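Got the model open and a selection tool at hand? Let's take a walk through it, one stop at a time.

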Amino acid sequence: MVAVRRLTSRNSAPAVRNSSKAGLVILLDSRLSGGGPAETAITNHGACYIRDVTVEGYGVALKQGDRALRTQHIDAYVSHPPVARTAIPEAGKRGLDIPVEETPDYWNPDVDEWASVSDFRRERDVDDTASFQRAIDRGKPGVVVPTGRYLIGDTVFVRGTVRHILGCDSRINRSPKHTFQNKEQRKPLFRIETPAEGVPGVIVERLWIDVWRPAYKKDVHAVAFEHASRKSLTLRSITIWGDTITAYRNTPAAGKLFIEDVCSTGKVAEFRFDHPQQVWARQWNPERPDVMIVNRAATIWCLGMKS
């Protein structure tokens, strides 16, 4: 599977060729130029979804089987009808045509504007829950989680002035004295609350959440991220691992969610969208043997999914 947005190709050869019947190509908002009148810009033998692609110079814009599409702009092309429990007639012609929103970004180069979780560890602490909370409540826009292992025993509230939580491929593990035993009312490891005035949202990245370790016990019934903020949340380069942990759930009036390069694996490591929300996901890998995404009310746009 290949999913590409904003591809610019200047070639005399074909720009895209999907030679496998099992292959899937998604191409959005792109420009393909340089081909001659005898060339085909896109050759497809499998499944494809093409939207808003400009073609210049090529004699054929898209060829699938015996069908040749000759145009300078592919407004929308769907090779196969969508698989859905309920028929969506318009989706078969163009897809759902959900507007694309770019992932928020933020970087503060001033080291004085960052609080380090490791700097707030205290000898009396039974785990790292309090050190996380102290760093978050320090009043800085950035919180860094240096490389290492951190034991979490209770919910960490992301709030206040925090805009960016930056891990360094840091490991989040269960505390021996954790409070996540209630399977029916799962508490979050991280609860994202509405931040202070002027903070547009929160970015969390480069964390490895593994609640099995250090003893491989399956007694942590938690939610990795609970989105309770009216502002946006970005999850980037995160792995969530464990047979007893839910990856994500939203709450009523939760803000926009952006997912980039996120993997979750485990028997109940699903993403849950029980309330209305707008979601944009890129390179999303929810891995589990059962239902991976429970969507009851959200609008989800996804570019690139592995399961």
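## Start with the rings

By the ring rule used here, the count comes to 10 aromatic pairs. The rule: rings of Phe, Tyr and Trp (its six-membered ring) pair if their centres lie within 6.5 Å, and planes under 30 degrees apart count as stacked, over 60 as edge-to-face and the rest as tilted. Before you click further, know that this is a predicted model, where local features need pLDDT of at least 70, side-chain atom pairs count only at pLDDT 80 or more, and totals for chains, interfaces and linings use all residues. Residues are numbered from 1 along each chain as its sequence is written, and side-chain values use heavy atoms, with hydrogens and water left out.

Select Phe132 and Phe190. Their ring centres are 5.7 Å apart and the planes stand at 70°, so this pair is edge-to-face. Phe132 sits in helix 2 (residues 129-136) and Phe190 in strand 15, so the pair ties together parts that are 58 residues apart in sequence. Helices (H or I, at least four residues) and strands (E, at least two) are DSSP runs, numbered from the N terminus. Both Phe132 and Phe190 are buried; buried means under 20% relative accessible area, exposed over 50%, and partly exposed in between (1.4 Å probe, protein chains only).

Now add Tyr150 and Phe225 to your selection: ring pairs link Phe132, Tyr150, Phe190 and Phe225 into a cluster.

Next, pick Trp208 and Trp241. The centres of their rings are 6.5 Å apart with the planes at 90°, so here too the pair is edge-to-face. Trp208 belongs to strand 16 and Trp241 to strand 18, so to speak a link between distant parts of the chain, 33 residues apart. Trp208 is partly exposed at 29% relative accessibility, and Trp241 is partly exposed at 23%.

## Zoom out

How many helices and strands does the protein have? There are two helices and 24 strands. Along the principal axes, the C-alpha atoms fill a box of roughly 75 × 45 × 35 Å. Of the 307 residues, 48% are buried.

## The six-strand sheet

Colour strands 13, 15, 17, 19, 21 and 23. They form an open sheet of six strands in the order 13-15-17-19-21-23, with parallel pairing. Two strands pair if DSSP finds at least two bridges between them. Which strands stand at the edges? Strand 13 (156-158) and strand 23 (293-295) do, each with a single partner strand, so one side of each has no neighbour in the sheet. On average, neighbouring strands of this sheet are turned by 15° against each other, direction ignored. Such angles come from axes, lines fitted to C-alpha atoms (for helices over the stretch in contact), and run from 0 to 180 degrees between N-to-C directions.

Stay with strand 17 (residues 222-227). Six of its six residues are buried, so strand 17 is largely enclosed by the rest of the structure. Strand 15 (residues 187-192) pairs with strand 17 in the parallel sense over five bridges; look for Phe190 and its bridge partner Phe225. Strand 17 also pairs with strand 19 (residues 245-250), in the parallel sense and over five bridges. There, Val223 stands opposite Thr246, and Glu226 stands opposite Arg249.

## A loop stop

Select Glu184, in the loop between strand 14 and strand 15. Buried or exposed? Glu184 is exposed, with a relative accessible area of 71%. Now add His221: the C-alpha atoms of Glu184 and His221 are separated by 8.3 Å, although the two are 37 residues apart along the chain.

## The four-strand sheet

Jump to strands 3, 5, 7 and 8. These four form an open sheet in the order 3-5-7-8, with mixed pairing. Strand 3 (16-18) and strand 8 (67-69) stand at the edges with a single partner strand each, so one side of each is left without a neighbour in the sheet. From one strand to the next, the twist averages 15°. Strand 5 (residues 40-44) and strand 7 (residues 60-64) pair in the parallel sense over four bridges. Find Asn44 there, which stands opposite Gln64 in strand 7.
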